[in-house]
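Please open the structure in your viewer, with the chain drawn as a cartoon and side chains available on selection. The tour below proceeds from selection to selection.

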Amino acid sequence: MTKEEIAKMIDHTLLAATATRAQIQKLCGEAKRYGFASVCVNPVWVKWAASELKASGTAVCTVIGFPLGAETSAGKAFCARQAVLDGADEVDMVINIGAAKQGDFGAVQEDIAAVVQAAKAAAAEKGKSALVKVIVETCYLTDQEIEAACVSAKNAGADFVKTSTGFGTPKDADGKPLPNGAQVRHVEIMRKTVGLQMGVKASGGIRDAQTARALVAAGANRLGCSAGVQIVECWEG
């Protein structure tokens with residue numbers, strides 16, 4: 001895989017609450033320079049990023065229900081619609097994690113479907129298409145719950161499943177922090193569950209080319225990371 005090929009798999013990401021216009025402008029400039037798949041920014045920056053990236057070939061991605069997933073389905077759907085109308089090409093939504101933990105995957109699927117329908121309807125109004133990626137927040141879920149969440153996303157018509165927000169705070173029984181980002185094992189489970197019909201995005205803690213390569217080998221075909229420039233520049237292939 002070449003540098004150009006791995007770049008086209010990267011969602012160049014800046015989701016910090018403190019992000020400034022200058023930082024978003026730098027993000028967009030890097031995305032155009034390296035040919036990244038998208039920039040992933042908070043909704044407040046979508047319209048501005050869409051203007052910066054117009055005709056560049058780099059998409060605008062944003063997040064919905066981020067990072068907790070605990071908004072109402074109606075609220076998520078409204079925000080997804082607005083984001084697409086503002087210029088987003090892709091939306092990454094967080095599932096109802098609480099519903100998943102109590103085994104209510106019917107509610108998980110309905111929540112996802114509301115966002116899928118809203119995003120794709122808004123895209124149709126603008127004469128374009130929109131991708132919906134579903135963040136299952138693997139750090140909080142068992143392997144079986146990850147599988148069920150992926151099935152829910154598939155049944156709801158989503159385009160991708162995604163590992164993590166990178167903002168999760170899982171802890172063990174003693175209160176010790178646990179990993180909250182992408183893990184090879186979880187990507188393997190996700191790819192096996194959704195097959196080749198859907199995309200799998202790994203995100204959270206991807207800071208070097210070695211990690212990126214391992215996640216792609218496990219089945220990821222999109223990577224969400226803030227270290228995209230370093231990964232491409234250190235890529236050998």
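Helices (H or I, at least four residues) and strands (E, at least two) are DSSP runs, numbered from the N terminus. The structure is a predicted model, in which local features need pLDDT of at least 70 and side-chain atom pairs count only at pLDDT 80 or more, while totals for chains, interfaces and linings use all residues. Residues are numbered from 1 along each chain as its sequence is written, and side-chain values use heavy atoms, with hydrogens and water left out.

**The barrel**

Select the strands first. Eight of them close into a barrel, in the order β1-β2-β3-β4-β5-β6-β7-β8, with parallel pairing; two strands pair if DSSP finds at least two bridges between them. On average, neighbouring strands of this sheet are turned by 25° against each other, direction ignored. Axes here are lines fitted to C-alpha atoms, for helices over the stretch in contact, and angles run from 0 to 180 degrees between N-to-C directions.

Next, display β1 together with β8 (residues 222–225), which pair in the parallel sense over three bridges. Isoleucine 10 has leucine 223 of β8 as its bridge partner.

Add helix α6 (residues 105–125), which packs on the sheet and touches β4 (90–94) and β5 (131–135). The direction of α6 makes about 165° with that of β4. Then add helix α8 (residues 184–194), lying across β6 (160–162) and β7 (199–203) and running at about 165° to β7. Contact means heavy atoms within 4.5 Å.

**Strand β3 and its neighbours**

Select residues 59–64, strand β3. Six of its six residues are buried, so β3 is largely enclosed by the rest of the structure. Buried means under 20% relative accessible area, exposed over 50%, and partly exposed in between (1.4 Å probe, protein chains only). Ala59, Cys61 and Val63 on one side, and Val60, Thr62 and Ile64 on the other, are all buried, which leaves both faces covered.

On one edge, β2 and β3 pair in the parallel sense over four bridges, and cysteine 40 stands opposite cysteine 61 in β3. The chain passes from β2 through α3 to β3 in a right-handed β-α-β crossover. A crossover is right-handed if, with the strands pointing away from the viewer, the path from the first strand over the helix to the second runs clockwise.

β3 and β4 likewise pair in the parallel sense over four bridges, and the bridge partner of valine 63 in β4 is aspartate 92. From β3 the chain crosses through helix α4 (residues 73–86) to β4, again in a right-handed β-α-β crossover.

**Helix α2**

Move to residues 21–34. Helix α2 has 14 residues and reaches 20 Å from its first C-alpha to its last, close to the 20 Å expected at 1.5 Å a residue; the expected span is 1.5 Å times one less than the number of residues. Which residues of α2 are buried? They are Ile24, Leu27, Cys28, Glu30, Ala31 and Tyr34. Seen down the axis of α2, these buried residues fall within an arc of 160°, so they line one face of the helix; the arc is that of the directions from the helix axis to the C-beta atoms.

Rotate to the other side of α2, where Ala22, Lys26 and Arg33 are exposed. The buried residues of α2 pack against α1 (3–7), β1 (10–14), β2 (38–41), α3 (46–52) and α10 (228–234). Glycine 35, with a positive phi near 75°, follows α2.

**Two buried side chains**

Select histidine 12, which lies in strand β1. Histidine 12 is buried, with a relative accessible area of 1%. Beyond its neighbours within four places in sequence, its contacts include Leu27, Glu30, Ala31, Cys40 and Cys225.

Then select glutamate 90 in strand β4, buried at a relative accessible area of 5%. Leaving aside neighbours within four places in sequence, glutamate 90 contacts Asp11, Lys133 and Arg222, among others.

**Backbone details in the loops**

Most residues other than glycine have a negative phi, and most peptide bonds are trans. A cis peptide bond, with omega about 0°, joins phenylalanine 66 and proline 67; proline 67 is found in the loop between β3 and α4.

Alanine 55, in the loop between α3 and β3, has a positive phi of about 65° and counts as exposed at 82% relative accessibility. Finally, select glutamate 137 in the loop between β5 and α7 (143–155). Its phi is near 50°, a positive value, and glutamate 137 is buried, with a relative accessible area of 1%.
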